[in-house]
Every structure is written in structure tokens, then in C-alpha cells.
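Reader: I would like to know how the terms used for a structure are justified. Please take me through a few of them.

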Amino acid sequence: MTDDPLKVAIACQGGGSHTAFTAGALQRLLPEITRERYDVVGFSGTSGGAICALLGWYGHVSPDHAPAALLGEFWKDMEADTPAERYLNDLTVQTARFRAMGFPFPSFSPGQTPAGALAERELRRLLERHVDFANARRLSAQIREQRHEETITPGLLVSAIDVLSGEFRVFRGREMSADAVLASAAEPGLFGAVDVDGRHYWDGLFSKNPPVRDFSTADDIPDPDEVWLIQINPSERSTVPTSQEGIADRRNELSGNTSLEQEVQFIEQVNEWVDAGYLPERHTHTDIRRVRFEEELAWSTKLDRSPAFLEALFRTGRERADAFLGDRRA
């Protein structure tokens with residue numbers, strides 16, 4: 001048995017407010033990684049998962065921050081805690097639910113109302129409050145230099161899709177900015193397309209949700225022995241949906257999982273080639289381990305920022321991560 005540390009990458013699926021579960025899971029996983037014999041080689045994420053991956057990565061590599069505290073502080077700021085915010089939050093969630101049920105509502109694009117621009121500005125403000133993006137890019141540059149010294153420190157991958165060309169874009173740590181994260185989170189029903197370097201991007205849920213295959217194809221990230229995939233959308237449902245709302249909920253889950261499973265299938269194919277000896281030695285067998293959020297919740301709750309709801313998701317994330325670690329030890 002080798003005594004070398006296990007190389008682990010952490011991938012965070014997108015899912016709006018449900019990714020508070022991811023933040024709770026990372027709060028439990030990351031301290032364990034630093035205590036046990038693991039080397040974290042990368043973080044990746046999409047949409048809300050991109051925010052969690054960014055905060056986890058930044059807290060992990062920055063000497064001035066702790067990932068658990070950073071994740072908790074950001075999501076605390078995300079809570080709708082004033083009377084006006086609670087009213088707007090409840091209105092948003094109920095409107096989304098009624099739309100899913102088939103109730104007729106006037107349709108407006110995010111560019112036709114101030115709500116989308118206001119939400120984008122607020123999210124940008126929160127990101128820039130908790131992450132110094134110039135420092136994040138400096139840290140990423142240092143990480144690239146350290147790799148030449150055989151020191152393993154994690155990379156960061158955030159996905160989005162080019163609206164006009166349909167091409168996938170994975171932003172690296174050295175390119176990280178509030179715009180890049182907002183591009184990954186730009187769900188077109190809520191936000192306008194985000195301009196990054198003259199190109200316009202939408203939510204990475206349309207592309208890589210989250211990036212997984214890039215851990216095996218990137219030249220500057222060592223092949224992980226395991227990818228710990230924090231999955232938000234449930235793979236299975238207990239009953240066939242028949243209501244308009246239930247069908248819309250399940251369609252959202254399945255569409256969010258389609259790109260995820262394509263990423264996983266690529267890794268499984270590479271594993272077959274590695275095991276058969278078809279690939280160079282730098283490529284290794286990579287196991288996918290999942291921390292699953294299995295609650296059957298309505299899609300509309302992905303917009304819910306009520307404090308009690310987010311705190312419950314945090315607790316569930318920590319509990320599932322604790323069970324995951326228990327299974328790993330066993």
C-alpha cells in the first residue's frame with residue numbers, strides 16, 4: 001500500500017439557493033482534508049456551485065482566510081433578513097411556483113426590468129466583499145510557479161457558456177473575476193448575459209455542471225485519485241410527476257444532471273483506457289465519490305433566501321458530508 005497522500009478534486013454542481021447545502025458540506029470536508037492524508041488538487045463549480053468552489057478555494061489557499069468561515073459569512077450575507085428583503089423573497093418564490101404550475105404571468109426579460117440588474121449588482125457586491133479578486137489571481141499565479149517545485153496546491157475551474165457561439169468556457173484561477181463568477185451564475189430567466197472580455201456568457205448549467213473532465217485533461221492540474229462531487233439535483237425521484245409543477249421540477253433536475261453525467265461518463269471512459277494501459281503514465285484512474293443532496297424540493301425553492309431555509313440546507317450539507325467521511329474511513 002502506498003503512503004502517498006490521496007489526490008482529491010472537489011466539484012460543486014449548481015443549484016441556486018440549494019447550494020447552501022454545498023457550502024455546509026465544504027465546511028465539513030475541507031478541515032478534514034487538511035488533517036488527513038489528502039492533497040487537494042482542484043476545485044470546480046458552476047452557478048451557485050461556482051460561488052462555493054471559489055470561496056472554498058480562496059479560503060484554502062489564502063493565508064488570511066479560513067474556508068469554513070468564508071463560506072458561512074457569505075451565505076449569512078445572502079439571507080433575506082430585513083422585512084423588505086423577506087417580502088421580496090417570498091414574492092419571488094411564490095411567483096416562480098405559480099409559473100411552474102402554469103398560471104399566466106406577463107413575460108419580461110431581465111433587461112426589461114430593474115430587478116435583474118439590481119440582483120446582479122448585489123451579488124457582485126457580496127462577491128467583492130468576501131473575495132479580493134486581484135489577490136486571488138496573484139495566488140493562482142503563485143500556485144502555477146509552485147507546481148514547478150513539486151508542491152501541490154489546488155487549481156480553480158468555473159464554467160459558463162458563450163451565448164452567441166455556444167462554446168463552453170472554463171475560467172481558471174488566473175482569470176478569476178467577479179464577472180467570471182457572475183457569468184457562471186447568469187441564469188437567463190433572472191440575469192442578463194454577462195460581458196467578459198467582449199464575449200457574452202450565460203449560466204454554466206448549460207455547459208459543464210460542474211467541470212469534472214477538465215481535472216483529467218488540464219496540464220497544470222495533477223490527475224486526481226478521486227473527485228468528490230457535491231451533487232445538488234437528485235438523480236432519482238420516488239414517484240412519477242403528474243402535476244404541471246412536478247413535471248417542471250423534474251425537468252429542471254434532469255436537465256441539470258445531463259451535463260453532469262456526461263462529465264462523469266468521460267472520466268469512466270478514461271478509467272477504462274488507463275486500466276487497459278492505453279494512456280501515458282501521467283493519467284491515473286479517478287474514482288467519483290458523491291455527496292448527494294437528495295431532498296425532493298420544488299424548483300422555486302432554488303430562489304429562496306429565507307434564513308431558516310438556508311440554515312437548514314447548511315446543516316444538511318454538514319450532516320451528509322460527515323456521513324460521507326464516515327463511509328470513507330470505513
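Author: This is a predicted model. It holds two cavities of 30 Å³ or more.

Reader: How many residues line the second largest cavity, and what is its volume?

Author: The volume is about 60 Å³. The lining has 13 residues, with H18, N233, E253, L297 and K302 lying nearest the centre. By class, six lining residues are nonpolar, three are polar and four are charged.

Reader: Why is α1 called oblique to α10?

Author: Helix α1 (residues 20-35) and helix α10 (residues 307-329) pack at an angle of about 40°. Angles under 35 degrees count as roughly parallel and 65 to 115 as roughly perpendicular. The angle of about 40° falls in neither range, so α1 is oblique to α10. The crossing is right-handed, and the axes lie 6 Å apart.

Reader: Which residues make up the contact of α1 with α10?

Author: Among those in α1 are A20, F21 and R28, and among those they meet in α10 are L310, F314 and R318. The contact residues comprise 11 nonpolar, four polar and six charged.

Reader: What is the angle between α2 and α3, and how far apart are their axes?

Author: Helix α2 (residues 48-61) packs against helix α3 (residues 67-78) at about 140°, with axes 8 Å apart. Their crossing is right-handed.

Reader: What kinds of residue form the contact of α2 with α3?

Author: In α2, residues including I51, L55 and Y58 meet residues of α3 such as L70, F74 and W75. Nine of the contact residues are nonpolar, three are polar and none is charged.

Note on methods:
Residues are numbered from 1 along each chain as its sequence is written. This is a predicted model: local features need pLDDT of at least 70, side-chain atom pairs count only at pLDDT 80 or more; totals for chains, interfaces and linings use all residues. Side-chain values use heavy atoms; hydrogens and water are left out. On a 1 Å grid over the protein atoms alone, a cavity is a set of points where a 1.4 Å probe fits but cannot get out, and a pocket is an open set with protein on both sides within 12 Å along at least five of seven lines; lining residues have an atom within 4 Å of a point. Grid points are joined across faces, edges and corners, and a volume is the space filled by probe spheres set on the points. Ala, Val, Leu, Ile, Met, Phe, Trp, Tyr, Cys and Pro count as nonpolar, Asp, Glu, Lys and Arg as charged, and the others, Gly among them, as polar. Axes are lines fitted to C-alpha atoms, for helices over the stretch in contact, and angles run from 0 to 180 degrees between N-to-C directions. Helices (H or I, at least four residues) and strands (E, at least two) are DSSP runs, numbered from the N terminus. A crossing is left-handed if the near helix is turned anticlockwise from the far one by less than a right angle, and right-handed if clockwise. Contact means heavy atoms within 4.5 Å. Angles under 35 degrees count as roughly parallel, over 145 as roughly antiparallel, 65 to 115 as roughly perpendicular and the rest as oblique.
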